[in-house]
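Here is a short report on one protein chain and the two ligands modelled with it. Please read it with the structure open.

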Amino acid sequence: MTQRVAINSREALGHALVLLPLIAVAVWLFSLHAGAMHWHAPGAPRWIAAAASLLAWFGLIGLLHGRRRTPGVDAAASDDALLIAHASQTGFAAQLAHQTADSLRIAGTPARVIELGALDETDLRAAARVLFVVSTTGEGDAPDSAAAFEQRCLARVGALAGLRYGLLALGDRDYAQFCGFGRRLRHWLAQSGAQPLFDPVEVDNGDAGALRHWQHHLAMLSGATEMPDWQRASYGRWRLVERRLLNPGSLGGPCFHLALRPEDGVLAWDAGDIAEIEPRHADETVARWLAASGFDGATRLGEDTLFERLARSHLPPPAQLAPLDVATFAAQLQPLPHREYSIASVPADGALHLLVRLMHHDDGRLGLGSGWLIRHAQQGGEIALRIRANPAFRPPAPDVPLILIGNGTGLAGLLALLKARIAAGARRHWLLFGERQAERDFFHRDELERRLREGWLERLDLAWSREPAAPAYVQQRLREAAALLREWVGQGAAIRVCGSLAGMAPGVDEALREVLGEETLEQMRMDGRYRRDVY
Ligand SMILES: Cc1cc2nc3c(=O)[nH]c(=O)nc-3n(C[C@H](O)[C@H](O)[C@H](O)COP(=O)(O)OP(=O)(O)OC[C@H]3O[C@@H](n4cnc5c(N)ncnc54)[C@H](O)[C@@H]3O)c2cc1C
Ligand SMILES: Cc1cc2nc3c(=O)[nH]c(=O)nc-3n(C[C@H](O)[C@H](O)[C@H](O)COP(=O)(O)O)c2cc1C
């Protein structure tokens, strides 16, 4: 790779610049010994001093070389490191690429940052996993540093079947070709057979919510789900007004319907948007921690108490606390990361609805976000919440037929789209929903069956994976209804998919490609007719 070659040649030049004056000095000293002067053995102390100097020199070189090879330093990270390729015009993409690498390394995933322009297709094939962080400049152009890469590589379909990638595309919606280069790169990767690790994240004008979403993917990728947010969001005050178990006796994790209302009374979001919540530890956990540490939870820290601050922060093991005063200690606390949930309602419903599954860690601990919402937060209590706009997952115009596909809690995002469309008078809806068992996991059954009876849903296909008689997934339902699917798409239908990134989303994608054809689906994706919100 050209960047590595450049580093090696700079290193060689540096060595030459040091060596040449040293040789000149040696020649000059030697000339002093010629002629009238005679050679004398320097004596043991001088030999020892010279040998020690040489050893110290080699030691220093070795140390510097070794430090360059530690994982924290980009150019020399190990070869199996995750590659982060950036294309930046004014530096933001490069900065985010480095932040991405730092977060991954802290989470124990080695990462190496490189300019996209320094890579070619062979490098990408060899890399196996690459995260691209690219901006767009001019009128939809690649940054200058990636222009040659675009000409060299994107001009023809590549062979990247083994490559798995993530893409963070920076842009600005005020320009006609929003994320133009990022989208061309994504199209080329898809055509070349590369597989996405997760759906690309597009960032409008540095939008902090989209960047937190990218961080969510980094956390999932490295398995470090408690990675601190780069930028702390400010949350609004909401009240949890309802919490109801939807699947008693389910073979899967318990799923809850939650309703929340904002304290300021302003209900404002669009269908497809995401609720970001700030998790907290259970009060008992904080109280136990305080008892072990000896700090007083009532100590005031500005507008907070220490108790409040701890509830929203990573708790360091009390045994490892150096003797610190409380202000110094509090300043070092790391905030807990946010969690994202698809909003299942529209403002006209009078509350923000969520569909949340309780998650557990392998060791039995409750998931941070779902544990807070379902087990620790009191019904009637306060939840810190903010809304992240999700313009990539909006309902299409009312005259466009809509196919909604999802599983599990993914029903939430689909419900919001359905409600917004019904409010706009649209009737042509086909919902395909999958879960485990018909008797236990048919979330919001009454509402969906009513919509079907009233004609707001034209068709409802259900797939139950744990029904011994006929286990099925939604992708199977798509294949069974292939002719109808082609008919709907022929009539201009749009497709929205919401739910599991593992299993459902790739399975549905494969079935759609099979039934509709690679080219049609790719065109639908580029036209915004095929959109996914998967996690
Ligand atoms: C755009 C978006 C929308 C989402 N919408 C919803 C929604 O409507 N309802 C909902 O319940 N969740 C939704 N999620 C997932 C949610 O944000 C959390 O990831 C989930 O609640 C687990 O978080 P936790 O803090 O409880 O668990 P953590 O403390 O993060 O982890 C607990 C355990 O669960 C595992 N885990 C965490 N997340 C996942 C995952 N996505 N798939 C498989 N295993 C996982 C971890 O590996 C760990 O073992 C959405 C995520 C995104 C990105
Ligand atoms: C001169 C100029 C042209 C731009 N053209 C586009 C464009 O065509 N499409 C787009 O989505 N964003 C466009 N942008 C927005 C940038 O992509 C966005 O600001 C990005 O964050 C810059 O990242 P960078 O600093 O890594 O280059 C443009 C910005 C500038 C300054």
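Five strands form an open sheet in the order 17-16-15-18-19, with parallel pairing. At the edges lie strand 17 (459-464) and strand 19 (530-534), each pairing on one side only. Neighbouring strands of this sheet are turned by 10° against each other on average, direction ignored. This is a predicted model.

**The parallel sheet**

Strand 15 (residues 402-407) pairs with strand 18 (residues 494-499) in the parallel sense, over 5 bridges. Within strand 18, Cys 498 stands opposite Gly 406. Helix 17 (residues 504-516) lies across strand 15, strand 16 (429-435), strand 18 and strand 19. Helix 17 runs at about 155° to strand 18.

**The antiparallel sheet**

Another open sheet has 6 strands in the order 12-9-14-7-8-13, and its pairing is antiparallel. Its edge strands are strand 12 and strand 13, each of which pairs on one side only. From one strand to the next, the twist averages 40°. Strand 7 (residues 236-245) and strand 14 (residues 382-388) pair in the antiparallel sense over 4 bridges. Gly 236 has Leu 385, in strand 14, as its bridge partner. Helix 11 lies across strand 8 (255-262), strand 9 (274-277), strand 12 and strand 13. The angle between helix 11 and strand 13 is about 115°.

**Around ligand 1**

Which residues come closest to ligand 1? They are Thr 225, Gly 367, Gly 369, Ser 370 and Tyr 535, in a shell of 22 residues. Strand 12 (339-342), strand 13 (352-357) and helix 11 (368-376) each supply at least two residues of this shell. Strand 12 and strand 13 are also the edge strands of the antiparallel sheet. Two domains contribute: domain 2 (236-388) and domain 3 (394-534) each give at least three residues to the shell around ligand 1.

Ser 370 deserves a closer look. Its place is in helix 11. Is Ser 370 buried or exposed? Ser 370 counts as buried because it has 23 C-beta neighbours inside 10 Å. Leaving aside neighbours within four places in sequence, Ser 370 is in contact with Val 356, Arg 357, Leu 358 and Met 359. Tyr 341 is 29 residues away from Ser 370 along the chain, and their C-alpha atoms are separated by 9.7 Å.

**Around ligand 2**

Ligand 2 is surrounded by 22 residues, the closest being Ser 88, Phe 92, Ala 93, Ser 135 and Gly 171. The elements that give two or more residues to this shell are helix 3 (92-106) and strand 4 (164-171). The table sets out both shells by residue class.

| Shell | Nonpolar | Polar | Charged |
|---|---|---|---|
| Ligand 1 | 8 residues | 9 residues | 5 residues |
| Ligand 2 | 7 residues | 13 residues | 2 residues |

Ala 93, one of the closest residues to ligand 2, is also touched by Val 134. Val 134 is found in strand 3 (residues 129-135). With 28 C-beta neighbours inside 10 Å, Val 134 counts as buried. Not counting residues up to four places away in sequence, its contacts include His 86, Ala 87, Leu 116, Ala 146, Ala 169 and Leu 170. Phe 181, Gly 182 and Leu 185 are also among the residues that Val 134 touches. Ala 97 is 37 residues from Val 134 in sequence, and the two are 8.9 Å apart in space, C-alpha to C-alpha.

**Two positive phi angles**

Cys 179 has a positive phi of about 50° although it is not a glycine. This residue lies in the loop between strand 4 and helix 6 (180-191). Cys 179 is buried, as 25 other C-beta atoms lie within 10 Å.

Asn 205 also has a positive phi, near 55°, in a residue other than glycine. Its place is in the loop between strand 6 (201-204) and helix 7 (208-222). Where Cys 179 is buried, Asn 205 is exposed, with 10 other C-beta atoms within 10 Å.

**The chain overall**

How many helices and strands are there in the protein chain? There are 18 helices and 19 strands. Of its 535 residues, 34% count as buried. Among contacts between residues at least 6 apart in sequence, 75% join residues at least 24 apart.

Key: Residues numbered from 1 in each chain as written. Chains lettered and ligands numbered in written order. Predicted model: local features only at pLDDT ≥ 70, side-chain atom pairs only at ≥ 80, totals over all residues. Near = placed C-beta within 6 Å. Nonpolar A, V, L, I, M, F, W, Y, C, P; charged D, E, K, R; others polar. Domains from an automatic or database assignment. Buried ≥ 20, exposed ≤ 12 C-beta atoms within 10 Å, placed from the backbone. Contact = placed C-beta atoms within 7 Å. Pairing = 2+ DSSP bridges. Axes fitted to C-alpha atoms, helices over the stretch in contact; angles between N-to-C directions.
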